[in-house]
Amino acid sequence: MACTHFYHCAASLICRSDTGARLGQILTLESRQSSWLGTELRVSSCSLNLRNHVPVSRRRPLAVTVSVSLPTAKPERASPGQNFPKWSSKAIKSFAMSELEARKLKYPTTGTEALLMGVLIEGTNLAAKFLRANGISLLKVQDETVKLLGKGDLFFFSPEHPPLTDEAQRALDWAADRKIKSGDDGEMTTAHILLGIWSEAGSPGHKILSTLGFNDEKAGELESLISKPGCTDD
């Protein structure tokens, strides 16, 4: 039986079940002073035949469609009929983590360095595993980020969604273009994002990767991985 809530009225107590069906019975109340609540409610007994009065409803699974607005500097991609690659769930989560990391560091924008940290913070994706296998960890990237860009102002409050730098936006658009050109109907993964960061030579993310030993050869290895049929973000 669903939990039942009671609503106190002036002269009656109306009983309503969680199913949303209202029960017709009105319960008689007697008032008596109490030192705790001020009024003691005494409810006369009554029998409720829920089987006869409340229709039993079966819960049906809900199909929910979530529409995520992902950043792009190419507004034509938002037009109906345009081919825009679907991001994997881990790529979306990595992007959200990159914004959060930028805020934690009190940076006013989300740069390629933050995108890189977001990939590693999510941790279970293809790109993060590839980076860790090559000796590139989150702590190392965080240390190199502070060395390169410095610490944020202690009294600065980063916006809830720090805007992307031009370099970070180009990196994401490069990743989307790479996925479209592949002709594969699969999702855009964190590996595409990582390669997009690497494509932005001179950006903080590229410099940090280079300092930690990432190079064109390793980028080629990752490229060959995502070129295999059925490659996912796991």
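The following dialogue examines how terms are applied to this predicted model.

Trainee: What makes up the protein in terms of helices and strands, and in what pattern do they follow one another?

Mentor: The protein has 9 helices and 5 strands. Read along the sequence, the pattern is β-β-β-β-β-α-α-α-α-α-α-α-α-α. Of its 234 residues, 36% count as buried. About 14,600 Å² is exposed, and carbon and sulfur atoms supply 54% of that area.

Trainee: How many of the residues reach a pLDDT of at least 70, and what is the average?

Mentor: The average pLDDT is 77, and 65% of the residues score at least 70. Over residues 1-48 the pLDDT is below 50, although this stretch has 63 contacts in the model beyond near neighbours in sequence. Residues 59-69 also stay under 50, and for them the model has 1 contact beyond four places in sequence.

Trainee: Why is P162 called buried?

Mentor: The relative accessible area of P162 is 2%. Buried means under 20%, so P162 is called buried.

Trainee: Where is P162 placed, and which residues is it in contact with?

Mentor: P162 is in the loop between α5 (138-149) and α6 (166-182). Leaving aside neighbours within four places in sequence, P162 is in contact with E99, A102, R103, Y107, P108, T109 and T110. P162 and E99 are 63 residues apart in sequence, while their C-alpha atoms are 6.2 Å apart in space.

Trainee: How do you know that helix α7 is mostly covered?

Mentor: Helix α7 spans residues 190-199, and 9 of its 10 residues are buried. The buried residues are T190, A191, H192, I193, L194, L195, G196, I197 and W198. What covers them includes α2 (89-104), α3 (112-122), α4 (126-133), α6, α8 (204-211) and α9 (216-226).

Trainee: What makes T189 a cap of α7?

Mentor: A side-chain oxygen of T189 lies 3.2 Å from the backbone nitrogen of A191, at the N-terminal end of α7. A polar contact requires N or O atoms within 3.5 Å, so the value of 3.2 Å satisfies that distance limit.

Trainee: Which residues of the largest nonpolar core touch the most other members?

Mentor: This core has 33 residues, and those touching the most other members are L116, L131, V141, I193, L194, L209 and F214. The elements that give two or more residues to the core are α2, α3, α4, α6, α7, α8 and α9. Helix α7 gives the most, with 6 residues.

Trainee: How many aromatic pairs are counted, and what makes the pair of W87 and F95 edge-to-face?

Mentor: The count comes to 3 aromatic pairs. The rings of W87 and F95 are 6.0 Å centre to centre, with 85 degrees between the planes. Rings pair if their centres lie within 6.5 Å, and planes over 60 degrees apart count as edge-to-face, so this pair meets both conditions. W87 has 4% relative accessibility and F95 has a relative accessible area of 13%. Both values fall under 20%, so W87 and F95 are buried.

Trainee: Why is the pair of F130 and F214 edge-to-face?

Mentor: The ring centres of F130 and F214 are 6.4 Å apart and their planes stand at 75 degrees. The limits are within 6.5 Å for the centres and over 60 degrees for the planes, so the pair is edge-to-face. It links distant parts of the chain: F130 is in helix α4 and F214 is in the loop between α8 and α9, 84 residues apart. Both F130 and F214 are buried.

Trainee: Which residues do ring pairs link into a cluster, and what does F214 touch?

Mentor: Ring pairs link F130, W198 and F214 into a cluster. Not counting residues up to four places away in sequence, F214 touches F130, L131, I136, L194, W198, L209 and A219.

Trainee: How do you know that S203 is buried, and why is its link with T112 called a polar contact?

Mentor: S203, in the loop between α7 and α8, has a relative accessible area of 0%. That value is under 20%, so S203 is buried. The polar contact joining the side chains of S203 and T112 is 3.4 Å, and the limit is within 3.5 Å, so the distance qualifies. Not counting residues up to four places away in sequence, S203 touches T112, E167 and I197.

Key:
Residues numbered from 1 in each chain as written. Predicted model: local features only at pLDDT ≥ 70, side-chain atom pairs only at ≥ 80, totals over all residues. Heavy atoms only, no water. Helix = DSSP H or I, 4+ residues; strand = E, 2+ residues; numbered from the N terminus. Buried < 20%, exposed > 50% of the residue type's maximum accessible area, 1.4 Å probe, protein only. Contact = heavy atoms within 4.5 Å. pLDDT = per-residue confidence, 0-100. Polar contact = N/O pair within 3.5 Å; in protein donor to acceptor, adjacent residues only side chain to side chain. Core = buried A, V, L, I, M, F, W, Y, C linked by side-chain atoms within 4.5 Å. Areas by Shrake-Rupley, 256 points an atom, 1.4 Å probe, with all protein chains shown as cover. Phe/Tyr/Trp six-rings, centres within 6.5 Å; stacked < 30°, edge-to-face > 60°.
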